[in-house]
Amino acid sequence: MIKRALALLLVLALGGLFASLMSAYAPDPELNPTARYYAEHTAQDLGAANLVTAIIVTYRGLDTLGEVTVLFLTAAIVGLVLAQSRRRIPHQPVPGGELLATGTRLLTPLILLLGVYVFVNGHLTPGGGFQGGAILASGVLLVLLADPVKPFSHGLISVIESLAGTLYVLIGLAGLALAGGFLDNRILPLGEFGQLFSAGAIPVIYSLIGLKVGAEFASMLASLSETEDL
Amino acid sequence: MSAAVASSSLLPELIQHFSHIITVFLMVSGLYIVIARGNLIKKLVGLSVFQTSVYLLYIAPGKIIGGTAPILASQYGVYSNPLPHVLILTAIVVGVATLALGLTLAVRLREAYGTIEEDEILALDQQAELEE
């Protein structure tokens, strides 16, 4: 009890400190120089409408490669740690109800389609590879909920994942050879601003990221769902 | 009457700092859950709440007065700052990764100890040490 009261006092003091730091905040009337550079140069440099996507995929593309690597490592470690706990005896989980099964059949294709739409249009509208990948994985989650006994193809998932990852790095290297540098999107023509097939390699790279992220999340979810209920 | 005057001067202040109030509230409650709860899953939930406050802390100042979402279009001239969005997208992905790892370790601990309550795990550890 004393520990909780102390914790409460501590966090309240921290909260007060934090609130006083932010009390002088006033919103900016205009963009700072770095952000203004991106806002003014993205359209003619890269041909992408979504500034966030342009920065993530091209200007700071190397960071995104690192980010995808973090996710890959996480998926690998989750699989590794949980592989020891998977027992030989198949457990009998409670099957999902009729409503869930029918809903899953109806919704899963639509969810997957939405995910693909989100990452293919990442350079034009809000969203992109990470968001689309998460939506794809939520479709997989629905399938796992509806039919927990269904054997899950880890092989297919890892093929998709490694293929997308390899192609991503190869496209980056192609940028080194054909355009300005690693992960430069101008290896493909920039096209007409605002069209689906524009902004050079950005839609291709972001689709690959979407597939990779979706596959990684799906493999984490499947690994967690295959652990035994104690 | 005086209450109405006080609230009319307080209200714009409150609206201006609305995102900060939410940020501090989420931060404090997340941290409290992490410290006060013994259940490892609840600790992870607290960690996620705390992370959400950090996302909000970065995203909210990216708003420029009169600015739209940072997506170029001919009819808009003022955009919000895209850099916090980029940073926080990375933070969200890494946050999901840490959450998945934490849940995985919780599953393993449950298998090894039969519980995910922190104090019970510590007691079991102490017991094992005494028996040695």
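## Getting oriented

Helices here are DSSP runs of H or I with at least four residues, strands are runs of E with at least two, and both are numbered from the N terminus. With that in hand, you can place B:Arg37 in the loop between helix 2 (18–36) and helix 3 (40–59) of chain B.

This is a predicted model, in which local features need pLDDT of at least 70 and side-chain atom pairs count only at pLDDT 80 or more, while totals for chains, interfaces and linings use all residues. Residues are numbered from 1 along each chain as its sequence is written, chains are lettered from A and ligands numbered from 1 in the order in which they are written, and side-chain values use heavy atoms, leaving out hydrogens and water.

## The build of chain B

How many helices and strands does chain B have? There are five helices and zero strands, giving the pattern α-α-α-α-α along the sequence.

Chain B has a radius of gyration of 22 Å, whereas a compact globule of 132 residues would have one near 14 Å. This radius is taken over C-alpha atoms, and the globule rule is 2.2 Å times the number of residues to the power 0.38. The C-alpha trace of chain B spans about 70 × 50 × 15 Å along its principal axes. Of its 132 residues, 31% count as buried; buried means under 20% relative accessible area, exposed means over 50%, and partly exposed lies in between (1.4 Å probe, protein chains only).

## Charged patches on the surface

Patches are made of residues with over 30% relative accessible area and no salt bridge; like charges are joined within 9 Å, and nonpolar side chains (Val, Leu, Ile, Met, Phe, Trp, Tyr) within 5 Å. The areas come from the Shrake-Rupley method with a 1.4 Å probe, and for residues only the protein chains shown count as cover. Lys and Arg count as positive and Asp and Glu as negative, without His or the chain ends, and each charge is placed at NZ of Lys, CZ of Arg, CG of Asp or CD of Glu.

A patch of positive charge brings together A:Lys3, A:Arg4, B:Arg37 and B:Lys42. B:Arg37, the loop residue we met at the start, is partly exposed at 34% relative accessible area. A patch of negative charge gathers B:Asp125, B:Glu129, B:Glu131 and B:Glu132. Here B:Asp125 sits in helix 5 (residues 118–131) of chain B and is partly exposed, with 32% relative accessibility.

## Salt bridges in chain A

A salt bridge is a side-chain nitrogen of Lys or Arg within 4 Å of a carboxyl oxygen of Asp or Glu. By this rule there are five over all chains. One of them joins A:Asp63 and A:Arg60 at 3.3 Å, N to O. Both partners are partly exposed: A:Asp63 at 45% and A:Arg60 at 40%.

Another pairs A:Lys212 with A:Glu161, their closest N and O atoms being 4.0 Å apart. This pair links distant parts of the chain, 51 residues apart, with A:Lys212 in helix 8 (residues 202–225) and A:Glu161 in helix 7 (residues 154–178). A:Lys212 is buried at 9%, and A:Glu161 is buried at 8%. A:Lys212 also meets A:Glu216 in a salt bridge of 3.1 Å, N to O. Through shared partners, A:Glu161, A:Lys212 and A:Glu216 form one network.

## A nonpolar patch

Which residues form the nonpolar patch on the surface? They are A:Leu163, A:Leu167, A:Val169, A:Leu170, A:Leu173 and A:Leu176, with about 530 Å² of accessible area together. A:Leu176 lies in helix 7 of chain A and counts as exposed, at 52% relative accessibility.
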